[in-house]
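Visitor: I would like to go through the classifications and hear the reasoning behind each.
Guide: Then let us take them one at a time.

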Amino acid sequence: TGGARDPRRVRRSGSVATKRRRLGRSLGPGAEASSSARKSMIEEQAWLVGVDVIWVIATMGVLYLASPRTGNALEFVHTVWWYPFVFALVGYAARASWTLGRAGVEGRWRGRCAESEVFLRLYVAAQIVAIPVECAQPQPVAKKLQMVGHHAVSIATYAIGLATGQMHFYGTAAGLSEVSTIFLEGILLSKHPLLEPHFAKYAPWYLPLNGAGLWLSFIVFRLALFPALVALFLFDVATEPDKTWRTATPWLKYTTLPSYLLLFLLSASWFSRIHAGFVAKVLKRPPPDHKAN
């Protein structure tokens, strides 16, 4: 045949290549994207994050226009907006963690699903908007820099996860720590000067319920969760190094464990004050430190 290729074979190979590209972009454990599919995926995720940022700004803007101009209006709007938003974050994180966690090592390190992508995009969009909000708050410069640094690292880590399709499980599992934020936001809302009289009159049980929920959720979704994720991460690396450490993106594999350890230490520090305030409320005695309340 002089080296000529069978056109039917060319068509079949092209069809296989197309299927492989589609498989690379498909949702599910073990998805491997070709370079062209990877580029398309990055462009798609970047566009969707941009849409989410616009949605966050628009909804917060509408809420800001409708809110009273008393006190720190921006802080009030951010608190009110974040309260229902965190329920959505936790829901997506729980669903994604359950789906990918059951898929074994391949699912935890290479798997992605619709819920994990939505969670990462929403979180990145919220952190992008949170940076100017934090800078506008009347607080010390050192605290502003700390919060902006936290937001920047979170954006970079989750954006790389979106771009590479790697380690979505470990990102969404860490997102389960936002369960404690649900109760924290409930406390902040019920103690805000604009809302406190209404909660005291119509729902006096709301503040103690959220206080107990904050105390319990810190134990389960922070003090227990992060050590468990560290142990699972090390187990995966020790048992399947070729599928985990040797193929993972350097930024993700080198920042995941330090992030977990830092979050655990911060959570332990915060919990010491939460526990002191909780015990003081239960025993009806003043806490040893006024900051613990």
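Visitor: Which residues form one aromatic cluster?
Guide: In this predicted model, W109, F169, Y170, F233, W245 and Y254 make up one aromatic cluster. The count of aromatic pairs comes to 21.

Visitor: What makes Y83 and F87 an edge-to-face pair?
Guide: Their ring centres lie 5.5 Å apart, with 80 degrees between the planes. Pairing requires centres within 6.5 Å, and planes over 60 degrees apart count as edge-to-face, so both conditions are met.

Visitor: Where do Y83 and F87 lie?
Guide: Both are in helix α3 (residues 73-101), four residues apart, which is about one turn of the helix.

Visitor: Why is Y83 called buried?
Guide: Its relative accessibility is 18%, and buried means under 20%, so Y83 counts as buried. F87 has a relative accessible area of 43%; that value falls between the 20% and 50% limits, so F87 is partly exposed.

Visitor: Why is the pair of W215 and F278 called stacked?
Guide: The angle between the planes is 15 degrees, and the centres are 4.7 Å apart. Planes under 30 degrees apart count as stacked, so the pair takes that label.

Visitor: What makes this a link between distant parts of the chain?
Guide: W215 belongs to helix α10 (residues 206-223) and F278 to helix α12 (residues 250-283), with their positions 63 residues apart.

Visitor: Are W215 and F278 buried or partly exposed?
Guide: W215 has 22% relative accessibility and F278 has 23%. Buried would need a value under 20%, so W215 and F278 are each partly exposed.

Visitor: How do you know that R222 lies over the face of F218?
Guide: R222 is at 5.1 Å from the ring centre of F218. The limit for Arg is within 6 Å, together with an angle condition, and R222 is classed as lying over the face.

Visitor: Why is T244 called buried?
Guide: Its relative accessible area is 0%, and the cut-off is under 20%, so T244 is buried. T244 is found in the loop between α11 (225-239) and α12. Leaving aside neighbours within four places in sequence, T244 contacts V105, W109, D236 and V237. T244 and R110 are 134 residues apart in sequence, yet 8.5 Å apart in space, C-alpha to C-alpha.

Visitor: Which residues make the nonpolar surface patch of about 230 Å²?
Guide: L216, I219 and V220 make that patch. L216 lies in helix α10. Patch residues need over 30% relative accessible area, and L216 has 48%, so L216 meets that cut-off while counting as partly exposed.

Notes: Residues are numbered from 1 along each chain as its sequence is written. This is a predicted model: local features need pLDDT of at least 70, side-chain atom pairs count only at pLDDT 80 or more; totals for chains, interfaces and linings use all residues. Side-chain values use heavy atoms; hydrogens and water are left out. Rings of Phe, Tyr and Trp (its six-membered ring) pair if their centres lie within 6.5 Å; planes under 30 degrees apart count as stacked, over 60 as edge-to-face and the rest as tilted. Helices (H or I, at least four residues) and strands (E, at least two) are DSSP runs, numbered from the N terminus. Buried means under 20% relative accessible area, exposed over 50%, partly exposed in between (1.4 Å probe, protein chains only). A charge sits over a ring if NZ of Lys or CZ of Arg is within 6 Å of the ring centre and within 35 degrees of the ring normal. Contact means heavy atoms within 4.5 Å. Patches are made of residues with over 30% relative accessible area and no salt bridge: like charges are joined within 9 Å, nonpolar side chains (Val, Leu, Ile, Met, Phe, Trp, Tyr) within 5 Å. Accessible areas come from the Shrake-Rupley method with a 1.4 Å probe; for residues, only the protein chains shown count as cover. A salt bridge is a side-chain nitrogen of Lys or Arg within 4 Å of a carboxyl oxygen of Asp or Glu.
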